[in-house]
Amino acid sequence: MLANLLSICLLLAGVTTDSVAVVGASEVSIGTIKEEQGKQERSFWIRNVGDDAVRLVQGYTSCGCTTIAFERDAMLQPGDSSQVTLSFNPAGKGGEFYESGTVVYTSATAKAEEKPKRHFVQMAMEGNCITSAETLKKP
């Protein structure tokens, strides 16, 4: 409700927004996993909750053990949604982890040569990884 009120105030003031938000939880706990279980994936949905179309231009993660997948260069009209998948590879990892992924987006009407303002939406997965016996034996 507060977000709707803010949008109405901005609209009345003549200001438009180009916001993208995570639908549902932006952070998920995957609990305790074992290293030998391999890659863990979780999907998130993002939605354009703003007034203008946006373009998803880049993605990055907090660590090389994590990847992010989404439709790059996708244009999201107001109300449109898109899926983002984070994948965590526990190989060689042990203990608690918190890995995040970030999607960078710009106004869909901005021209590349204008250096459009970059906006960010972030999601994360956390948990605990039990190291395998093989990893523990490595020098």
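Helices (H or I, at least four residues) and strands (E, at least two) are taken here as DSSP runs, numbered from the N terminus. The model is predicted, so that local features need pLDDT of at least 70 and side-chain atom pairs count only at pLDDT 80 or more, while totals for chains, interfaces and linings use all residues. Residues are numbered from 1 along each chain as its sequence is written, and side-chain values use heavy atoms, with hydrogens and water left out.

On these terms the protein chain has two helices and nine strands, and their pattern along the sequence reads α-β-β-β-β-β-β-β-β-β-α. Of its 139 residues, 35% are buried, where buried means under 20% relative accessible area, exposed over 50%, and partly exposed in between (1.4 Å probe, protein chains only). The chain exposes about 8400 Å², of which carbon and sulfur atoms supply 52%; accessible areas come from the Shrake-Rupley method with a 1.4 Å probe, and for residues only the protein chains shown count as cover. Taking a contact to mean heavy atoms within 4.5 Å, one finds that 70% of the contacts between residues at least 6 apart in sequence join residues at least 24 apart.

Strand pairing, which requires that DSSP find at least two bridges between two strands, gives an open sheet of four strands in the order β1-β3-β7-β5, with antiparallel pairing. Its edge strands are β1 and β5, each of which pairs on one side only, and the twist averages 30 degrees from one strand to the next, with axes fitted as lines to C-alpha atoms (for helices over the stretch in contact) and angles running from 0 to 180 degrees between N-to-C directions. Starting from one edge, β1 (residues 20–23) and β3 (residues 40–48) are joined by four bridges, and Val22 stands opposite Ile46 in β3. Next, β3 and β7 (residues 81–88) share eight bridges, with Leu86 in β7 as the bridge partner of Arg42. At the other edge, β5 and β7 pair over four bridges, and here Leu86 is the bridge partner of Ile68.

The sheet leads on to the nonpolar core, defined as a set of buried Ala, Val, Leu, Ile, Met, Phe, Trp, Tyr and Cys residues joined through side-chain atoms within 4.5 Å. The largest such core has 23 residues, among which Ile46, Leu56, Ile68, Val84, Val103, Val121 and Met123 touch the most other members. At least two core residues come from each of β1, β2 (27–34), β3, β4 (54–61), β7, β8 (95–107) and β9 (119–130), and β9 gives the most, with four. Beyond residues up to four places away in sequence, Ile68 touches ten-listed neighbours including Tyr60, Val84, Leu86, Val103 and Met123.Ala74 lies in the loop between β5 (66–69) and β6 (75–76) and counts as buried because its relative accessibility is 8%. Its C-alpha atom is separated by 5.6 Å from that of Arg55, 19 residues away along the chain, and, leaving aside neighbours within four places in sequence, Ala74 is in contact with Val54, Arg55 and Leu56.

A last point concerns the cysteines. With a disulfide taken as a pair of cysteine sulfur atoms within 2.5 Å, the count comes to zero. Cys65 is buried, with a relative accessible area of 11%. Cys129 is in no disulfide, the nearest cysteine sulfur being that of Cys65, 9.7 Å away, and Cys129 counts as buried because its relative accessibility is 4%.
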